[in-house]
Amino acid sequence: MSIRLWGAMALMLLSLGSHAQEVEYQLQGLEGELEDNAEAYLKQLPPLKPEQIERFGDDIDMAVRNSLQALGYYNPEIDISPAEDRPELLVIRVAPGEPVRIRDLDIRLDGDAAADPAFAERLGKLALKQGDVLHHEVYEKAKAGLLSLALTRGYFDAGYQKSQVRVYPWEHAADVELAFDSGLRYKFGELRIDTDRPVERLLKPLVDIKPGDPYQASRLAELSRSLSATRYFRQVEVLPMVSEADENQRVPLSVVLRAKADNEVELGVGFSTDEGPRTSASWEKPWINSLGHSVNTTLKLSAPKQDITLVYKIPRGHPLNNYYTLQGGYQRLDEDDTESDRLVASIHRWDKSVTDWTRDTFIRSEFESYTQGEQRDSSFLLIPGVSFNRTRVRGGLDPVWGDTQLATLELSEPWWGSDTRFVRLWGRTKWLRSIDEKQRVIARAEQGAVWVDAVTDLPPSLRFFTGGDLTVRGFSYESITPLDENGDRLGAKYASALSLEYDYRVAQKWRLATFVDTGTATNDYSEAWKVGTGVGVRWLTPIGSVRLDLAFGVSEPDTPWRIHFTLGPEL
């Protein structure tokens, strides 16, 4: 073997040996935030060999001291020595000592911000307080928070005249002084609209910003969200032109709007255990004229159900909160012992309040030809009604808090042309609350009632059934209902359903769940309620939560079981 090859092998062995002997650190005497910060500072040091400890000992000592000073501990006692049996293990014994506390806190506001209630509120909630341990990150966040608040409220010339921390380690004290000068508050100026469509009538109710109003970034963000939510535009930009402010501190606003394509088509596929595989297609014309009229047509196909719906929307005032819709559609249903063909036409008036409640006042006409078990019939109904709904969610696709409510009242009378007299009321509520970062609870309640002479006077679409993915798991879709002498489903005058679910996060996008559901569809509440319980898994995806449940009908003698699969938002 050549000398050169022997040399290469020796270098490899030395490098392996040196890598195996890199210095490790063991901290003693620290815990919690102090220990975590010291470890973070030590990780920033370059890898050391045992023979380099003496040479770099001061650097190790300084790293630990700096980590403690950042948290207000300026007088630590530090002893650094290798472990007796492991020279590559460096033991760092630390006594952090008494922390430095804020003795004198002097925060001064100059300029227009001195009279701004938002700054008074921010100062009242400031995490930097007299008597607290001096935490340098808290100090920096307090400084940045005041400056950020100034920029969002139009103090574009704001800055610190003085910002300093004087530390007296031997006195365990620090004096903090902040002198913040906001300067003048800027105002909104003229609105400069750049658009490829005539939008004046649509923008007028959406824009509540007037020239001369005090600047607030939140109002620009709200305008941008509202414009995007109208679904008229593919591009929305709302920008303050600060560099073009005039001598009166008025900032022009640039609004750039680009309309969506004249026609938009979407295709979708899905699956649920209630309906099996399903597909959908929609065609939308988001902009018909300068009044903001739009039209949308949706086709949905699954094995038991096929329907097509057309919705024509007419804004009246605020396009998001006040509008009419003209709706029409056809639905074909063929499932178990229900077969139905249904034609619907309706007009709706929608109004959304500042409390997020949406009211839908409508009148609907429908003709339905159906077979329900042994009954073959048809009906024509003219149904006025009103519906209220609200959904509130925090946390986006993986909500941490939220609730939804929906209630609908419908009437029918023969004297205005309907075949049947009835009053129908249906409501549902669902609540999601988090216990902590990993645990949450989901509760659901549903109640329906229809006052009619006989349930057979109603078409199947207005009778009550329950059971399935979204009501009582462990039972097949709409299988809970009174039966006739042949075992065919009849539908009911009343329906109730309750559910309680507990979810636990086991990974970033995975949760395990356990639940219990109960409910009934009945004409007199003489029957025992059905009960289903089970376990499930939740997987968070970019399009919503995928939910897979194994449920058991524990109220039944043979305890049937079903697998339920659903995809979509929790609320």
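1. Arg231 comes just after helix H7 and takes a positive phi of about 70 degrees. Most residues other than glycine have a negative phi. The model is a predicted one, and this applies to every point below.

2. Helix H7 itself covers residues 217-229. Its 13 residues should span 18 Å at 1.5 Å a residue, and the end C-alpha atoms are 18 Å apart, so the expected and modelled lengths agree. H7 lies across strands S7, S8 and S9, and runs at about 170 degrees to S8.

3. Which residues of H7 are buried? They are Leu220, Leu223, Ser226 and Leu227. These residues cover an arc of only 125 degrees around the axis, which means that they sit on the same side of H7. An α-helix has 3.6 residues a turn, so residues three or four places apart point the same way.

4. What do the buried residues of H7 pack against? Their partners are S7, S8 and S9, together with helix H6 (200-206).

5. The sheet under discussion is open and has three strands, in the order S7-S9-S8, with mixed pairing. Strand S7 (187-195) and strand S8 (233-240) are the edge strands, each pairing on one side only. Neighbouring strands of the sheet are turned by 15 degrees against each other on average, direction ignored.

6. Within that sheet, S7 pairs with strand S9 (residues 250-259) in the parallel sense, over seven bridges. For anyone following the register on screen, Asp194 stands opposite Val256 in S9.

7. Two loop residues elsewhere also deserve a look for their backbone angles. Asp356 is not a glycine, yet its phi is positive, near 75 degrees. Asp356 is placed in the loop between strand S15 (338-352) and strand S16 (358-372). With a relative accessibility of 37%, Asp356 counts as partly exposed, because buried means under 20% and exposed means over 50%.

8. Thr559 is the other loop residue to check: its phi is positive, about 45 degrees, although it is not a glycine. Thr559 lies in the loop between strand S24 (544-552) and strand S25 (561-568). Its relative accessible area is 33%, so Thr559 is partly exposed.

9. Is Asp398 buried or exposed? Asp398 belongs to the loop between strand S17 (375-394) and strand S18 (401-412). The relative accessible area of Asp398 is 16%, and a value under 20% counts as buried, so Asp398 is buried. Leaving aside neighbours within four places in sequence, Asp398 is in contact with three arginines, Arg440, Arg505 and Arg511, and with Leu540.

10. On the overall fold, the protein has seven helices and 25 strands. Its radius of gyration is 34 Å, well over the 25 Å that the globule rule gives for 571 residues; the protein is therefore more spread out than a compact globule. The C-alpha trace spans about 95 × 75 × 60 Å along its principal axes.

11. How many of the 571 residues count as buried? The share is 41%. As for contacts between residues at least 6 apart in sequence, 55% join residues at least 24 apart.

Definitions and conventions
Residues are numbered from 1 along each chain as its sequence is written. This is a predicted model: local features need pLDDT of at least 70, side-chain atom pairs count only at pLDDT 80 or more; totals for chains, interfaces and linings use all residues. Side-chain values use heavy atoms; hydrogens and water are left out. Two strands pair if DSSP finds at least two bridges between them. Helices (H or I, at least four residues) and strands (E, at least two) are DSSP runs, numbered from the N terminus. Axes are lines fitted to C-alpha atoms, for helices over the stretch in contact, and angles run from 0 to 180 degrees between N-to-C directions. Contact means heavy atoms within 4.5 Å. Buried means under 20% relative accessible area, exposed over 50%, partly exposed in between (1.4 Å probe, protein chains only). The expected span of a helix is 1.5 Å times one less than its number of residues. The arc is that of the directions from the helix axis to the C-beta atoms. The radius of gyration is taken over C-alpha atoms; the globule rule is 2.2 Å times the number of residues to the power 0.38.
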